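Student: Could you take me through one part of this structure slowly? I would like to look closely at its salt bridges.

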Amino acid sequence: MQQENSSSGAGYGTADALEAAPAPVKTTRPKPGERRVQVLQTLAAMLETPKGEKITTAALAARLDVSEAALYRHFASKAQMFEGLIEFIEQTIFGLINQISAQDQDGVTQARAIVLMLLGFAEKNPGMTRVLTGEALVGEHERLQERMNQLLDRIEASLRQVLRLAVAQGTLPETFDANSRANLLVSYVLGRWHRFAKSGFKRSPAEGAEPQVAALLR
């Protein structure tokens, strides 16, 4: 996003006039797309409230010190705001999965790194955790939960792929069931996310995770 350049265009004839005239008040307009980002950042911050209260557009507008009408100039509905958060989650998580795949060729190591990354992502983004678990989407448009289900399916598919790679590499036995184990790993991650959210973000989702993940990958 590029900041719009502007010039005052005011030309005073003398230094006396510059001194006598009050300084023009400059109003800083958000950059293109900046307000959308501010809305999503504020929504994510509000989701970090331990009590997990339902967020209204009125409360969101008040936090941003704008009118509800101003919000709807950037998002047609609250559902679109949540979709913006889900897009951020998707881009971040699968970007990191791609990095993990590029950095290490060992399937077991990739699977372990993916699971620990998912737990770390939640810890760094507590508000997003309530979206990942679906808690923040209760009562919202059903397509949001469908999209989250699709995201979880994609994560499971990624784990299934690296576990199959590990079997092909011989680091896991041929009898290893990549399908059921990938499902188990996703269930483990979901359980950790839920505990983190239900504890008011006090219990780290990554606490004691390394030996547990290692046990799940045997």
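Tutor: Happy to; what follows is a walk through the salt bridges, one pair at a time. Keep in mind that the model is a predicted one.

A search of the whole structure turns up eight salt bridges. Let's begin with glutamate 140 and lysine 78, whose closest N and O atoms are 2.9 Å apart. This pair links distant parts of the chain: glutamate 140 sits in the loop between α7 (126-132) and α8 (142-169), while lysine 78 belongs to helix α5, 62 residues apart. Are these two partners buried or exposed? Residues count as buried when their relative accessible area is under 20%. Glutamate 140 has 17%, so it is buried, and lysine 78 has 16%, so it is buried too.

Now find arginine 143 and glutamate 83, which form another salt bridge, with 2.6 Å between the closest N and O atoms. Here again distant parts of the chain are linked, since arginine 143 is in helix α8 and glutamate 83 is in helix α5, 60 residues apart. Try the cut-off on this pair as well. Glutamate 83 is buried, because its relative accessible area is 18%. Arginine 143 comes out at 30%, so it counts as partly exposed.

Next, stay within one helix. The side chains of arginine 160 and glutamate 156 meet in a salt bridge, 3.7 Å from N to O. Both residues lie in helix α8, four residues apart, which is about one turn of the helix. Why does that spacing suit a pair of side chains on one helix? An α-helix has 3.6 residues a turn, so residues three or four places apart point the same way. As for burial, glutamate 156 is buried, with a relative accessible area of 15%, whereas arginine 160, at 21%, counts as partly exposed.

Salt bridges can also join up: Glu87, Glu90 and Arg147 are linked in a network of them.

While you have α5 on screen, look at one more place. Helix α5 (78-103) and helix α2 (34-46) are the elements that give two or more residues to the lining of the second largest pocket. This pocket holds about 280 Å³ of space and is lined by 14 residues, with Val37, Leu40, Gln41, Gly84 and Phe88 nearest its centre. Helix α2 gives the most to the lining, six residues. Sorted by class, the lining has seven nonpolar, four polar and three charged residues.

Methods. Residues numbered from 1 in each chain as written. Predicted model: local features only at pLDDT ≥ 70, side-chain atom pairs only at ≥ 80, totals over all residues. Heavy atoms only, no water. 1 Å grid on protein atoms, 1.4 Å probe; cavity = no way out; pocket = protein on both sides within 12 Å on 5 of 7 lines; lining within 4 Å. Points joined across faces, edges and corners; volume = space filled by probe spheres on them. Nonpolar A, V, L, I, M, F, W, Y, C, P; charged D, E, K, R; others polar. Salt bridge = Lys/Arg side-chain N within 4 Å of Asp/Glu carboxyl O. Buried < 20%, exposed > 50% of the residue type's maximum accessible area, 1.4 Å probe, protein only.
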